[in-house]
Structures are given as structure tokens and as C-alpha cells.
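Colleague: I'd like to learn how to read a model like this one. Could you walk me through a few features, general idea before the case?

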Amino acid sequence: MPELLEGVRYGVLASEVSSQVVLFVTAEEYFEAATAARNDGFDCLIDLTAVDYLSYPGARARPASVDCQRFEVVVQLINHRTRERLGLRVQVPADEPVAPSLFDLWPGSENLEREVFDMFGIEFAGHPDMSRVLMPEDWVGHPLRKDYSVGEIPVQFSPQSEPR
Amino acid sequence: MSAERVMRRGGDSAVLRLSEAEANRIGADAADPDDDERVMLNMGPAHPSTHGVLRLMLELEGETVLRSKPVVGYLHTGMEKQGENLTYLQGCTNVTRMDYASPLFSELAFSLTTEKLLGVEVPERATWIRMLMCELNRISSHLLFLATNGIDLGAVSMMIYGWREREEVLRFFEKVTGLRMNHNYIRVGGVAADLPDGWRDDLRELLDLIGPRLDEYDVLMTGQPIWRERLQGVGAINADEALALSATGPLLRSTGYAWDLRRDDPYLAYDEVDFDVIVGTYGDCYDRYAIRLNEIRESMKIVEQVIEKMPGGDYRLQDKKITPPPRARIDESMEALIHHFKIFTEGFKVPRGEAYCAVESPRGELGVYIVSDGTGTPYRMRVRPPSFINIQTLPHLMSGGLIADGVAIISSVDPVLGEVDR
């Protein structure tokens, strides 16, 4: 397990993951930490995605104080002036998969959050249009969840006629 | 400058936030007085100017676009999900099919991320071959843009010219990789094969051919009053808005914002070659056209330098745990046969961890984020798709313009739908 350098930044736990500073936040701390980062010069949201850790074997390489949840929203920010990148990792529990939307900070998060909703079923509170983006609107299930296996769509057999 | 325009939520936003079901109900209710002049129009998914299967829901007043919504997903095949079931060796064949106009960049980002997780460094020659192939791919991708941008605006001869020159670049690709597209050439640990004999001559011939042809395009298009009239001032966006919408690549640079990962976050050996970052001024369709045209010239400059500076050595890592042994070794060594078998059946194991690497693709920042659980397949493989994110700007660029300009705008954003939908 890699050595984690820990500290505090924007009022939350900061640590280093694969040579990048990453903030570990809960869904409650998320929006405030993101606002602080934006006011500090992180002017662009580069990426927003999620990981479902349902079947991840063993313990995750996370600082001890982080309360690991099933879903982790992964955010990449960039400060163009200092050319610095910052990661955010939001722990989202499985029983209440809701996190605040970053639309009011970076409107570029709109489609990315829709994609995470589509693929993982994580809702973003305050999003202007929380709908599916890649899958059909009436699709049931969230394909990138680990319990949504590739061969899950049942094969339609013709019904058995009469019991013999 | 401000990004206020793109932050709006309600009815005055340029983005039409309307579901399929709601759109179907419009006009269905006879009691609903439909006395305004607004018309809902569906454009695509099978429309020649939408570059594949992009569909737009447009709200029009006369010929003016008020609000619009890009509807995507028609090519969605779950490639990120597939990535979780393919080994790292197969992973490149998967990602190369995303952005089919510039497949080598996805392969590169995937390989760089995996190598970061493995903690290995590829030989210098492999790095330079990767850089050479990527710049040639940038040329072919931008030539394709010039061709499609031309036909979208009625410059039919430009389509033929762009396609003709692109074919010359693809011919070189075929010679090196065996395929014109979806090469699976850049792999973890290096590249699949060394450059063929006489590659320098082939490339010099290619550069000598394309250089004067670009000057012809200048005569045909750049200085043309009709061309300029059609593009200048159309689909303008400022730097703050582009940054707020997470736009990258030529779309961001057209606003005058000089940001290019090759210069600002150098990967491969871009800090050892000399090139300029091309920026625009007005952020309109004309700037985006001019940027791509001139980026071809910059890429040619890089290719020329690579021809001069190409180092010797191995074209891939000789680590039997990551790259297959040379074919000749298999006949004489039992270990080589075992390694070959192991790599092609169960692949190699990647240490636990996570990594993100980004490259400057012709469309913007293309990044790959991999979470590894220590097995031979990624636990999660995410591709940051530049086209998917760039098409968010479409409603803002099109709002208030004519529907005919919409075609120019879609073309100037240059989305590749294979990568939008993945």
C-alpha cells in the first residue's frame, strides 16, 4: 500500500494518491470543499465520474479516517494558472445515493452528472435536469454498477405449453 | 467577460431540458392553446451534417434557434463496462474504437495510465514512435475535419481534397500498423512493431505532399469571402464560458485561451520538440477552422523534428511479464513459450491502485482513469471523452443563431459520436 501524505486543505482531509493531491469528503462536505477550491482558482472541472466498490477485494488504500462507502464520486479539477490538478473523492452510501450537484459552480458538470446518474444511479441534488443521458429514458437499472452483470438481460423463452 | 449566460437554469437558458416523454406530449392536448410561433424540430440522428448519430431537439422561432438539446446515446455499447472484463492487453483494442477518427490517442492514454500503475518506463524510441504516430494521427483527424467542415457548408471540393490527403496519412499507418484505423498499435510497454524500413523517406514524401496542399486550402477556403461570411462571428463563445463548460482542445483555444497539454503538462517527449500553440481571438467557427488548419502545420513541424531526432534502441519494453517475447524466441525457449501463453490468456497483473493520465487529442483532453484491484483486468476503466463534454457547448453556441448556422457550429465543434456514446 502506498505511503499517504496527509494534511488538511479547504477544511477537509487532503492526501496524495498517485502523485496528485486528493481531498476525501463526505457528501455533506463535498459542496463546500468544491466551492473553496473554485474560489482558490480551480477554474475548470475536467472530469466527474464514479466507482462502485461493491466487489473490490480487500481494503482500499484510503486514509484511516475516511469512512469508505460503496460509491465514490471521482472529480478532477484543474487550475489553469498554476497548472495544478486536484482530485475530490466523495463517499456516497449505497442506501442513500445522493450528492449535491456542482452545476452552480461549473455548469460543465451537467452532462457528467447525468452520466453518473445513468450509469450508477447516484442522484445529484440541485441538478437542473437529472435524467438519463446515454441509456434510453425508460431503461431499468444502472449498467456500471457491479451487481448489474453483463449477461443480466433475461433470454425470452416461449412459455411451456402444458404440464406433462 | 462572464460565464453568466451558461449558468442559467430556467426557461431563459439556451439548453432545452425536455424529456422524450414531455416532447411527445407537446401539441397532443387540443385544449392547450398553441398560439406562440415556436416550433419544435427534430434534427438527426441520421442527418448528414450531424457527424454520425447526433440528434438535436431544437426549439425554433422562424428560422432562429432558441433552445436546443443534444440527444446522445445511439452508439452506446457499454465500452467502459466491457473494459472491466478485458485484460490490459485487450484494453487497447477496446478504447481504440471509441474515437475512430483519432484512435491512437485513446490507445496512448490507456497505455500511459497502465504504465503509471505498473511503475514502468518505456524505452526512449517507443516514446518517440508514439509521438510521431500521434502527430500524424492529429494531421489525419484535422484533415477529416476540414473535409467534413467543407461539405457541411457546401464546399464539396474541400471534402474530396481533405479525404484525399487523409488517405495518404492512412496509407502510412497501414504500412506501420497493418490497419488504416483502430490500429491497436500503441500498447502497454511500447508499441506493437518497429517502424518499417524506409519510413523516413515515406514521411518526407508525405510532408512534401501535404505542405503545398495546405496552401491550396488557404486559397480555396481561408481567404474566400463566401467562406469567411459563412463562419466569422458564427457560434461565438468567450473563454470564461468555455472554461465553465469544461471545454478543451481547439474549442477552448479558439477563445484565445492558450491551453495545450502538450505544452502545459508535457507527456511523452513534447518538451524536447519545438512547436507553437495556436489560439484564436473571437471564439467563432472561423477561428476553430483556422486553428485546426494551422495545427496541421505545427504537427508537421513536430514530425520533421522526430525524423531528425529519432533515437535508436528498442521499440518496446523487454519485460517478459508485460510484453510478449519476440516470436523467434518461442521456438527455442520453453520459458518464452510460457510467457507468451500467459500474456495472451490471462494477461499480466497490475498492482492495486488508481491512476489518471491525460493526453491532448485533436478534440481536447482525453484522459483515462483506471482503478486496479491487483488482477489482470481493470476494476474500473473510465475514459474522459472530450467530444461528450464539448457538445455541451452546442446549445449555447447555437442559441439566437439561424438553423443553417447550426450546421456550421456542429461541424466546428467536431464531435466524434463513437467517443460521445462509448
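Colleague: Let's start with strand 6 of chain B; how many of its residues are buried?

Modeller: A residue is called buried if 20 or more other C-beta atoms lie within 10 Å of its own, exposed if 12 or fewer, and partly exposed in between, with C-beta atoms placed from the backbone. In strand 6 (residues 353-361) of chain B, nine of the nine residues are buried, so the strand is largely enclosed by the rest of the structure. Bear in mind that this is a predicted model, where local features need pLDDT of at least 70 and side-chain atom pairs count only at pLDDT 80 or more, while totals for chains, interfaces and linings use all residues. Residues are numbered from 1 along each chain as its sequence is written, and chains are lettered from A and ligands numbered from 1 in the order in which they are written.

Colleague: And what is a strand here, and which residues sit on each side of strand 6 of chain B?

Modeller: Strands (E, at least two residues) and helices (H or I, at least four) are DSSP runs, numbered from the N terminus. In a regular strand the side chains alternate between the two faces of the sheet. For strand 6 of chain B, one side has B:Gly353, B:Ala355, B:Cys357, B:Val359 and B:Ser361, the other has B:Glu354, B:Tyr356, B:Ala358 and B:Glu360, and both faces are covered.

Colleague: Which strand does strand 6 of chain B pair with, and over how many bridges?

Modeller: Two strands pair if DSSP finds at least two bridges between them. Strand 6 of chain B pairs with strand 7 (residues 364-372) of chain B over nine bridges, in the antiparallel sense. B:Val359, for instance, has B:Leu366 in strand 7 as its bridge partner. The two strands are joined by a hairpin through two residues.

Colleague: How do I read the packing of two helices, say helix 6 and helix 7 of chain B?

Modeller: Fit lines to the C-alpha atoms over the stretch in contact, and take the angle, from 0 to 180 degrees, between N-to-C directions. The axes of helix 6 (residues 124-152) and helix 7 (residues 156-177) of chain B come within 7 Å and cross at roughly 165°. That makes helix 6 of chain B roughly antiparallel to helix 7 of chain B; the label is for angles over 145 degrees, with under 35 roughly parallel, 65 to 115 roughly perpendicular and the rest oblique.

Colleague: Which residues meet there?

Modeller: Contact means C-beta atoms, placed from the backbone, within 7 Å. Among them are B:Leu143 and B:Ala147 in helix 6 of chain B, and B:Trp163 and B:Val169 in helix 7 of chain B. By class, this contact has 14 nonpolar, three polar and two charged residues. Ala, Val, Leu, Ile, Met, Phe, Trp, Tyr, Cys and Pro count as nonpolar, Asp, Glu, Lys and Arg as charged, and the others, including Gly, as polar.

Colleague: What about the phi of B:Asn182 and B:Leu268?

Modeller: B:Asn182 is not a glycine, yet has a positive phi of about 45°. It lies in the loop between helix 7 and strand 4 (186-187) of chain B, and counts as partly exposed with 18 C-beta neighbours inside 10 Å. B:Leu268, also not a glycine, has a positive phi of about 45°; this residue is in the loop between helix 12 (261-264) and helix 13 (285-309) of chain B. B:Leu268 is buried, with 21 other C-beta atoms within 10 Å.

Note on methods:
Two residues are in contact if their C-beta atoms, placed from the backbone, lie within 7 Å.
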